[in-house]
Amino acid sequence: MADSQSDRRKKDEAVRATIMQKLIETGEKDRLKQILRDKLIECGWRDELKEYCKEVIRNKGLEKITVDELVAEITPRGRATVPEKIKGDLLQDIRKFLQST
C-alpha cells in the first residue's frame with residue numbers, strides 16, 4: 001500500500017512538473033500570474049493583507065521581526081483568504097490551457 005502511495009506521489013509530482021514546464025515555456029504562467037495579481041488587487045485582498053502585515057509588525061516590533069518571519073506569519077492567512085471564485089477561475093484557466101496544448 002505504501003509503495004502505491006509513493007508511486008502515486010511521484011507520478012503527481014512528475015505531472016505537476018510537466019504542467020509547470022509547459023506554463024513557463026509558453027509564457028502562460030506569467031500571463032496567469034498577472035491576471036491573478038490584478039484580481040487580488042481588485043477584490044481588496046492585497047490591501048487587507050498589507051494591513052495585516054502592518055498589524056503583525058506593530059505587535060512584534062519592527063526591530064524584532066525579520067522578513068522571513070513576517071512571510072512565515074502572513075503566508076497561511078494570505079492563502080486562506082484568497083476568494084474561492086478567484087481560485088476557481090485560475091483553475092479553470094489552467095484547465096483550458098492544458099486542453100489547448
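The exercises below concern the pockets, the cavity and one helix of a predicted model.

**Exercise 1. The largest pocket**

Task: State the volume of the largest pocket, name the residues that line the largest pocket, and sort that lining by class.

Solution:
- Step 1. The volume of the largest pocket is about 250 Å³.
- Step 2. Its lining consists of Arg16, Ile19, Met20, Leu23, Lys29, Leu32, Lys33, Leu36, Leu90 and Ile94.
- Step 3. At least two lining residues come from each of helix H1 (2-26), helix H2 (28-42) and helix H5 (84-100).
- Step 4. Sorted by class, seven of the lining residues are nonpolar and three are charged, with no polar residue.

**Exercise 2. The second largest pocket**

Task: Determine which residues line the second largest pocket and which element gives the most to that lining.

Solution:
- Step 1. This pocket, of about 210 Å³, is lined by Leu36, Leu40, Trp45, Gly78, Arg79, Val82, Ile86, Lys87 and Leu90.
- Step 2. Two or more of the lining residues are given by each of H2, helix H4 (67-80) and H5.
- Step 3. The element that gives the most is H5, with three residues.
- Step 4. The classes represented are six nonpolar, one polar and two charged residues.

**Exercise 3. The cavity**

Task: Establish how many cavities of 30 Å³ or more the whole structure holds, and describe the lining of the largest cavity.

Solution:
- Step 1. The search of the whole structure yields one cavity of 30 Å³ or more.
- Step 2. The volume of the largest cavity is about 40 Å³.
- Step 3. Its lining is made up of Leu32, Ile35, Leu36, Lys39, Ile86, Asp89, Leu90 and Asp93.
- Step 4. H2 and H5 are the elements that give two or more residues to this lining.
- Step 5. Five lining residues are nonpolar and three are charged, while none is polar.

**Exercise 4. Helix H5**

Task: Compare the expected span of H5 with the distance between its end C-alpha atoms, then decide how the buried residues of H5 are arranged around its axis.

Solution:
- Step 1. H5 has 17 residues, and at 1.5 Å a residue the helix should span 24 Å.
- Step 2. The end C-alpha atoms of H5 lie 24 Å apart, in agreement with that value.
- Step 3. Ile86, Asp89, Asp93 and Phe97 are the buried residues of H5.
- Step 4. Viewed down the axis of H5, these buried residues fall within an arc of 75 degrees, and therefore line one face of the helix.
- Step 5. Glu84, Arg95 and Gln99 are exposed on the other side of H5.

Methods. Residues are numbered from 1 along each chain as its sequence is written. This is a predicted model: local features need pLDDT of at least 70, side-chain atom pairs count only at pLDDT 80 or more; totals for chains, interfaces and linings use all residues. Side-chain values use heavy atoms; hydrogens and water are left out. On a 1 Å grid over the protein atoms alone, a cavity is a set of points where a 1.4 Å probe fits but cannot get out, and a pocket is an open set with protein on both sides within 12 Å along at least five of seven lines; lining residues have an atom within 4 Å of a point. Grid points are joined across faces, edges and corners, and a volume is the space filled by probe spheres set on the points. Helices (H or I, at least four residues) and strands (E, at least two) are DSSP runs, numbered from the N terminus. Ala, Val, Leu, Ile, Met, Phe, Trp, Tyr, Cys and Pro count as nonpolar, Asp, Glu, Lys and Arg as charged, and the others, Gly among them, as polar. The expected span of a helix is 1.5 Å times one less than its number of residues. Buried means under 20% relative accessible area, exposed over 50%, partly exposed in between (1.4 Å probe, protein chains only). The arc is that of the directions from the helix axis to the C-beta atoms.
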